[in-house]
Amino acid sequence: MKSEERNYIADIERYFLGLAGKGLMLSARDYSFIRELGERSVSKEMVIKAIAYGFEKKRQKGAQDPRGLFNIKQEVEEYLKTQLAEPEPEQREPQTAAFARSSIIEQALKRLDEIIIEEKEEGIREKYKRLRQRVSETDSAGSANIYKQFDSLWLGFVEDVFSGLSAERQRRITAAAQSRLPGEAKLYDEDARWRTLKAFRDEIVCETLGISNVFTMK
């Protein structure tokens, strides 16, 4: 194995294990996936961003942190596809897909209505109302990927909640998020560091305020 390949694998391994926690080891399947990414000429920096994206997606869904890189293969590939692939020409949405899309939006609106009624804190309730308005407006947004839109709306909602907190509470949450960052700071470029920090920050906001992602609730 060439020195360049060893460094590529070792840096990606340290980054993943830094996020996943101590005491874990990558499997042969994980190493094989890293080598495959290298053979596809995916840069180390791009893989690190994809891993940060994968952890962020898992946490948005309330899932446990992955114990192996292969466990977020789908999310890594999803990120790489959006970053590296040529944009596909927009296609007209079939009538059946449009109906399914409307049904999904309707279910999300019903869940939001229930949450708005139950939410006791006025400030949070108003933010849920704004989220409901944005969800209702997606019906005519023209994109078939409703789940991608929901992801964006939820991230915007959590950002809205965080922005409404006091400066002191924001400071404490940000400090707690920074304490969860892996020690190997040199592995981050600014974008990957911000993605990872924000994922931790959003997780802490939801934990602290008892907020569950309305779009992934059963």
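The paragraphs below lead through this structure from its overall make-up to its helix packing and its salt bridges.

The model is a predicted one, in which local features need pLDDT of at least 70 and side-chain atom pairs count only at pLDDT 80 or more, while totals for chains, interfaces and linings use all residues. Residues are numbered from 1 along each chain as its sequence is written, and side-chain values use heavy atoms, with hydrogens and water left out.

The protein chain contains nine helices and zero strands, where helices (H or I, at least four residues) and strands (E, at least two) are DSSP runs numbered from the N terminus. Reading along the sequence therefore gives the pattern α-α-α-α-α-α-α-α-α. The protein chain has 218 residues, of which 39% count as buried; buried means under 20% relative accessible area, exposed means over 50%, and partly exposed lies in between, with a 1.4 Å probe and protein chains only. About 12,900 Å² of the protein chain is exposed, and carbon and sulfur atoms supply 49% of that area, the accessible areas coming from the Shrake-Rupley method with a 1.4 Å probe, where for residues only the protein chains shown count as cover. Among contacts in the protein chain with a separation of 6 or more, 70% are accounted for by residues 24 or more positions apart, a contact being heavy atoms within 4.5 Å.

A place to begin looking at the packing is helix H2 (residues 28-39), in which Phe33 lies. Phe33 counts as buried, at 2% relative accessibility, and, leaving aside residues up to four places away in sequence, Phe33 touches Leu69, Phe70, Lys73, Val76 and Glu77. Phe33 and Lys73 are 40 residues apart along the chain, yet their C-alpha atoms are separated by 8.2 Å. Two of the residues touched by Phe33, Lys73 and Glu77, also belong to a network of salt bridges that links Glu36, Arg40, Lys73 and Glu77. A salt bridge here is a side-chain nitrogen of Lys or Arg within 4 Å of a carboxyl oxygen of Asp or Glu, and by this rule the count comes to 21 salt bridges.

Further along the chain, the axes of H6 and H7 come within 10 Å and cross at roughly 155°, where axes are lines fitted to C-alpha atoms, for helices over the stretch in contact, and angles run from 0 to 180 degrees between N-to-C directions. H6 and H7 are therefore roughly antiparallel to each other, since angles under 35 degrees count as roughly parallel, over 145 as roughly antiparallel, 65 to 115 as roughly perpendicular and the rest as oblique. The contact is made on the H6 side by Ile124, Lys127, Tyr128, Arg130, Leu131, Arg134 and Val135, and on the H7 side by Phe150, Leu153, Trp154, Phe157, Asp160 and Val161. Of these residues, Lys127, found in helix H6 (residues 122-137), counts as buried at 13% relative accessibility. Not counting residues up to four places away in sequence, Lys127 touches Phe157, Asp160, Val161 and Gly164.

Helix H7 also packs against H9, at an angle of about 70° and with the axes 10 Å apart, which makes H7 roughly perpendicular to H9. From H7 the contact involves Trp154, Leu155, Val158, Glu159, Val161 and Phe162, and from H9 it involves Lys198, Arg201, Asp202, Val205, Cys206 and Leu209. Two of these H9 residues, Asp202 and Lys198, form a salt bridge in which the closest N and O atoms are 2.9 Å apart. Both lie in helix H9 (residues 190-209), four residues apart, about one turn of the helix. Asp202 is buried at 8% relative accessibility, and Lys198 is buried as well, with a relative accessible area of 14%.

Other salt bridges join separate helices. Lys57 pairs with Asp151, their closest N and O atoms being 2.1 Å apart; Lys57 lies in helix H3 (residues 44-60) and Asp151 in helix H7 (residues 146-163), so this pair ties together parts that are 94 residues apart in sequence. Lys57 is buried, with a relative accessible area of 9%, whereas Asp151 is partly exposed, with a relative accessible area of 23%. Glu75 forms a salt bridge with Lys58, the closest N and O atoms lying 3.6 Å apart. Because Glu75 lies in helix H4 (residues 73-84) and Lys58 in helix H3, this pair ties together parts that are 17 residues apart in sequence, and both Glu75 and Lys58 are buried.
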